[in-house]
Every structure is written in C-alpha cells, then in structure tokens.
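I set out to record what I looked up in this structure. The entries follow in the order in which I made them.

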Amino acid sequence: MCIAAARKDWAGAGYYLIPISAFFMGVLMTESIKKHFPNRQQIQWMHIIVVIEILLLFLVGFLPRTVPDAVVNVTVAFVCSLQVNSFRKTHGMPYATTMCTGNLRSAAEHFFSFAASKDKKAGQQSAHYFLIILAFLFGAVAGTFLCGLLNEKAIWICGLLLLPVLFIMNRKQASPKTQQTEKLP
C-alpha cells in the first residue's frame, strides 16, 4: 500500500485498504463473538468461528469466475483474521495458524536453546514448530496440486479440513479433563 502511495498510485494504495479492513473486521467479529458467546456447556465461541470459516470458504468456491479476484481475496483475508485471532496456542505454545515466519522464528529459538543447553523441553518445542512448518509446506504443495485439478473449487478442501477440527473440539470439550482455552486441537 505504501509503495503504491509513494508512487502516487492512489487507486492502487486505496485498494489495499479493502483487504486490510476485512482483516480488521474479522478481528472485531471474533472479539464480539467471544464476548457474546463465552465458553458455554454445549457451544463455545470457537465453534462459531470455525463454522463461519467453513461457510465462507464454501461460499467462495461457489462464486463464478466472473466475480473479481478482489472479492475472493477480501473474503479469504476475513477468514484468515478469524483464524489467526481465535487459535493462538498449541500445546501451550504460541503459534500462528495463517503465516509461517513467526513459527520459523520460534522453531529456531527453541532449537538454539536445545542445542546450547541440551534442554529436552526446548527440543520438543522446536520439533512441534517444525511439524507446524511442515504442515504449511504440505498445504502449499497440496493446494497447488488441488488448484490444478479443481480450480476455484479447491477452496472447498480447506472447508472440509475444518470439519474434523469441529469434531475434535467437540470431543475435547466433552472430556472432563480437557480445559478448552485458546488451543488448536
């Protein structure tokens, strides 16, 4: 956005405000859902977020190719903001669900601690982050392959992959030992 503004391409710079605004609105929506649907017996706010994500991803797959890419980009930006604002920890460690760089930093940091002091816990944490990064890599390869096969319908696979997340969340919630906090199952 700022590069376009520096070039005095005001329309180009203004365009970036749209997905940024969508991301911002997604965070506001997540916070609103958290406030109005605190963790209850049957349904938790995170369930609502995942259902919204699934519905929006399936909706995007139904859009005809004549719909401008900007509509899809804005919708995906909104879904990403719901995801990144809702699921912030795994195994008690902070992580990012929609970007890889923070996870790579954490993997390297924990790996250094493990290598420097032989701290087994740091080694395990580094391994967790490397597994998350491998999942990102696998997702990129699979997404590329699926886009070649399914075109715009490939986004439905993302929605389908969130269905087991709902199942796991419900299963963990039903377990008396499980305390549902901001963890990805």
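Entry one. I began with the length of helix α4, which covers residues 69-86, in this predicted model. At 1.5 Å a residue, its 18 residues should span 26 Å, and the end C-alpha atoms are 26 Å apart, so the expected and computed values agree.

Entry two. Which residues of α4 are buried? I listed Val74, Thr75, Ala77, Phe78, Val79, Ser81, Leu82, Gln83, Val84, Asn85 and Ser86.

Entry three. I then turned to the packing of α4 against helix α3, residues 45-62. The two axes come within 10 Å and cross at roughly 160°. Because an angle over 145 degrees counts as roughly antiparallel, I noted α3 as roughly antiparallel to α4. The crossing of α3 past α4 is left-handed.

Entry four. Which residues make this contact? On the side of α3 I found Trp45, Met46, Ile49, Ile52, Glu53, Leu56, Leu57 and Val60. On the side of α4 I found Val72, Thr75, Phe78, Val79, Leu82, Gln83 and Ser86. Sorted by class, the contact holds 11 nonpolar, 3 polar and 1 charged residues.

Entry five. I compared the two lists for α4: Thr75, Phe78, Val79, Leu82, Gln83 and Ser86 are buried, and these residues also take part in the contact with α3.

Entry six. I looked up Glu109 last and placed it in helix α5, residues 101-117. Is Glu109 buried, partly exposed or exposed? Its relative accessibility is 42%, so I recorded Glu109 as partly exposed. From Gly26, Glu109 is 83 residues away in sequence, and the C-alpha atoms of the two are 30 Å apart in space.

Notes. Residues numbered from 1 in each chain as written. Predicted model: local features only at pLDDT ≥ 70, side-chain atom pairs only at ≥ 80, totals over all residues. Heavy atoms only, no water. Helix = DSSP H or I, 4+ residues; strand = E, 2+ residues; numbered from the N terminus. Expected span 1.5 Å × (residues − 1). Buried < 20%, exposed > 50% of the residue type's maximum accessible area, 1.4 Å probe, protein only. Axes fitted to C-alpha atoms, helices over the stretch in contact; angles between N-to-C directions. Parallel < 35°, antiparallel > 145°, perpendicular 65-115°, else oblique. Left-handed = near helix turned anticlockwise from the far one by under 90°. Contact = heavy atoms within 4.5 Å. Nonpolar A, V, L, I, M, F, W, Y, C, P; charged D, E, K, R; others polar.
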